Amino acid sequence: MVKFSREYEASIIPEWKAAFVDYKGLKKLVKRIKIARRDAAPLQLARREAGAGRSRDGDGSKASSGSYGFSVLDPLRALAATPASPTQVGDNDGDTDSLESDSGEPLRATDKHEQEFLEKADEELEKVNKFYAAQEADMLARGDALIEQLRILADVKRILADHAAARCRGRARLARTASSPPSVNGSNSGRHLLSSPFVASPQSMSDGSVEMQQARVAEGAAVAEEVMAALERNGVSFVGGGLGKAKKDGSGKQLMGRAALLQLPDTVRIDIPPTSPGRAALKVWEELVNVLRKDGADPAAAFVHRKKVQHAEKNIRDAFLALYRGLELLKKFSSLNVKAFTKILKKFVKVSEQQQTTDLFSEKVKRSPFSSSDKVLQLADEVESIFLRHFAGNDRKVAMKYLKPQQPRNTHMITFLVGLFTGTFVSLFIIYSVLAHVAGIFSSTGNTAYMEIVYHVFSMFALISLHVFLYGCNLFMWKSTRINHNFIFDFSSSTALTHRDAFLMSASIMCTVVAALVINLFLRNAGATYANALPGALLLLSAGVLFCPFNIFYHSTRYCFMRVMRNIILSPFYKVLMADFFMADQLTSQIPLLRHLEFTGCYFMVGTFRTHAYGSCTSSSQYKNLAYVLSFLPYYWRAMQCLRRYLEEGHDLNQLANAGKYVSAMVAAAVRFKYAATPTSFWMWMVIISSTGATIYQLYWDFVMDWGFLNPKSKNFWLRDQLILKNKSVYYASMMLNLVLRLAWAQSVMKLHLGMVESRLLDFSLASLEIIRRGHWNFYRLENEHLTNAGKFRAVKTVPLPFRELETD
């Protein structure tokens, strides 16, 4: 049977760990009480036996005194027979601090250990109540705001739907009338008012007759008034709303309709973050429209697409999901703390035998807000009902799929497949090594063209497999240390990769690649003309699996990977999330992989596998320039992400400093390329200076900013105050390893005279060491991020609400 302490530690919410009952601390105090009572038991027994013996001696002495007279030991015996003090025998009347019941009656502990336990328990109870009250108030406020947002969305959607239907009926009537003016351009039919109510676009206002324009303006004004009235009914007030000046059309006529006089407010809009290029372009267009309106342009120009309404609805739905998740966590927080108090009080009453004190404290726990309040339960039921009605079409199965996603079940099949593929890979690799050695492929007199092909193809897939394997190790360590990586990366726990999945992917990749190399070697020995096309087929197979649209081979993971890569490649046009810049950092360690991919793509795309002219790619100037660009791209993408975050996060100078780190890495890489082309002493010193400066910059950022180390005021020497791993030497060893591996660039300065095989092996080893360094960096980077979230008690993501009232001057 698992001990409750272990079960409790495994069940608490990692981000709220500091707010839970310190069960271990209270358990230690109970053990102290038990040890103190055990040590005091023989002494009390001896005193009772001594007291009983003295009483018998007293009777005898009385008898003997009557016969033999007074004894000089009688005063000492009388003093020894005096009853012990209350604090020695453990009565409840000792002179110690006490708790008080609701009636004011003091509850005194028997000794200092019991009193210390009761004081500690009271402090823990107050801490739990305070945290629960704050979280409950926050959840209730979120619930009220979300319900208000949903009402606004429902009113606006109803108004827009009614007017869209009326507009369609009006167009149908106009179409049946031969003398009617032309209808509105169909390209604008999908645009609707939501943020600042509109009538039509400026282009449509300039087309058609004056009467048609007035009709459109009047129709839009009616929509505007209804939407504004709906927002006001829901508590959204308008600032600066009023009537504008009358305008004239091109013929000099004054448009005196209500819509022409309507000056729409700028203070209420749908706040959709520009997370994508489309949303960013829309936001830029809205800002330009607002500028035009301030300059006296048509007030009806502020229109948005229909998709903006859909984005608003999606944000509200995600906010409801986050709220429900928070309510579930708060219910778990309450139940675990109640169970912890119940268990520890049972232990306390067992060793202290203070039943009355324990009962009164148990009643105090039951009356506490975190135990007795039902507001969270009521709000959870209300959120579930609202989500079922508005976002799931009254289908409870669909609603529960989003509100309570099922966790994937662990099966032994994945473990079996990992072992199968690993064993197959080892066997095939041994076979390939023996065959290649017998054929003399990797000798100095071997086939140079084959060596180039094998090196690039095998190295590319080997580096991918190594990176995936280390990511699996990271997943295992994050799970073991209870680092909530799914919450940090905003991954769904039902579809996120586990460490077994990562190990399976790594083993299957290497098994497939080595099998292809063995088949290729057999075909070459058999004299097949299409033998060298097999690595190209392997590339096509890999691309096909990656872009496969069917729900097989980790479909959700592949889709997430492609989405993240899209966000990275199109930086800074997409909003930078944690997963985006984390993956971009991985790419900075995979520059050799990108260069292998360049060569392999060039080799097979130009069809040189038929002529074995592998030098046609490496000798061209375009190839060298592209290799130069590929070496810069990961650093460029990462720098652009830092600039995007600098603009979005209130001009945080740390983001600019972070961008400077990647710029320094680009400069150092450029100087090393120049030195490789012109190996002079001047450029050698430039390589040393630039690379040393970039390395110091990177090491400082790794240790201080990403890992949170080198804190001189920390209670852990040159680390940080909070550490997840118990063995501090691991942190120091990792820092030294990171320092050594950051100096791998020194190999480029050393002119080592190596053969082709040795040179390729050295390059592959250095690339592998950089990936290993990145694997170490990954764990400590996420550990620091997790502790930052835990320090702020962030266990649920905050979804920005779409409808908001803007501040005005």
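Here are some friendly exercises on a predicted model, each with a worked solution.

**Exercise 1. The nonpolar core**

Find the residues with the most contacts inside the largest nonpolar core, and name the helix that gives the largest share of this core.

*Solution.* Begin with the core itself: the largest one has 65 residues. Within this core, the most contacts belong to Tyr 8, Trp 16, Phe 117, Phe 320 and Phe 333. Next, look for the elements that give two or more residues to the core; among them are helix 1 (4–11), helix 2, helix 5 (112–176) and helix 10. Helix 11 (355–366), helix 13 (375–390) and helix 14 (396–403) are also included. Finally, pick out the main contributor: helix 10 gives the largest share, 18 residues.

**Exercise 2. A positive patch**

Work out which helices each supply at least two residues of the positive surface patch, and decide whether Lys 346 is buried or exposed.

*Solution.* First list some members: the patch includes Lys 3, Arg 6, Lys 17, Lys 24, Lys 28, Lys 343, Lys 346 and Lys 726. Then turn to the helices: helix 2 (23–68) and helix 10 (307–352) each supply at least two patch residues. Now zoom in on Lys 346, which lies in helix 10. Its relative accessible area is 54%. The cut-off for exposed is over 50%, so Lys 346 is exposed.

**Exercise 3. Phe 553, step by step**

Describe where Phe 553 lies, which surface patch Phe 553 helps to make, and what is notable about its phi.

*Solution.* Start with the place: Phe 553 is in the loop between helix 19 (534–546) and helix 20 (555–569). Next comes accessibility: at 56% relative accessibility, Phe 553 counts as exposed. Then find its partners: together with Leu 541, Val 545, Phe 550 and Ile 552, Phe 553 makes a nonpolar surface patch of about 500 Å². Last, check the backbone: phi of Phe 553 is near 55°, a positive value in a residue other than glycine. As background, most residues other than glycine have a negative phi.

**Exercise 4. Two more backbone features**

Find what is notable about the backbone at Asn 394 and at the bond from Ser 571 to Pro 572.

*Solution.* Take Asn 394 first: its phi is positive, about 60°, although Asn 394 is not a glycine. Asn 394 sits in the loop between helix 13 and helix 14, and with a relative accessible area of 59% it is exposed. Now move to the peptide bond from Ser 571 to Pro 572, which is cis, with omega near 5°. Pro 572 lies in the loop between helix 20 and helix 21.

**Exercise 5. Salt bridges**

Say how many salt bridges the structure holds, and follow three of them through the model.

*Solution.* The count comes first: the structure holds 25 salt bridges.

- Lys 797 pairs with Asp 490 (3.7 Å, N to O). Lys 797 lies in the loop between helix 29 (756–791) and strand 10 (803–805), and Asp 490 in the loop between helix 17 and helix 18, so the pair ties together parts that are 307 residues apart in sequence. Lys 797 is partly exposed, with a relative accessible area of 38%.
- Arg 720 pairs with Glu 783 (3.3 Å, N to O). Arg 720 is in the loop between helix 26 (681–706) and helix 27 (729–742), while Glu 783 is in helix 29, so this bridge ties together parts 63 residues apart in sequence. Both Arg 720 and Glu 783 are buried.
- Arg 773 pairs with Glu 770, with the closest N and O atoms 3.0 Å apart. Arg 773 and Glu 770 are 3 residues apart in helix 29, so about one helical turn separates them. At 1% relative accessibility, Arg 773 counts as buried.

To finish, notice a network of salt bridges that links Asp 22, Lys 120, Glu 124 and Lys 127.

**Exercise 6. Enclosed places**

Decide why helix 21 can be called largely enclosed, and whether Ala 496 is buried or exposed.

*Solution.* Helix 21 spans residues 578–588, and 10 of its 11 residues are buried, so the rest of the structure largely encloses this helix. The buried ones include Met 578, Phe 581, Phe 582 and Leu 587. Ala 496 lies in the loop between helix 17 (485–489) and helix 18 (499–525). With a relative accessible area of 15%, Ala 496 is buried. Ala 496 and Pro 408 are 88 residues apart in sequence, with 9.3 Å between their C-alpha atoms.

Technical notes:
Residues numbered from 1 in each chain as written. Predicted model: local features only at pLDDT ≥ 70, side-chain atom pairs only at ≥ 80, totals over all residues. Heavy atoms only, no water. Patch = residues over 30% accessible without salt bridge, like charges linked within 9 Å, V, L, I, M, F, W, Y side chains within 5 Å. Areas by Shrake-Rupley, 256 points an atom, 1.4 Å probe, with all protein chains shown as cover. Salt bridge = Lys/Arg side-chain N within 4 Å of Asp/Glu carboxyl O. Lys, Arg positive; Asp, Glu negative; His and termini not counted. Charge placed at Lys NZ, Arg CZ, Asp CG, Glu CD. Helix = DSSP H or I, 4+ residues; strand = E, 2+ residues; numbered from the N terminus. Buried < 20%, exposed > 50% of the residue type's maximum accessible area, 1.4 Å probe, protein only. Core = buried A, V, L, I, M, F, W, Y, C linked by side-chain atoms within 4.5 Å.
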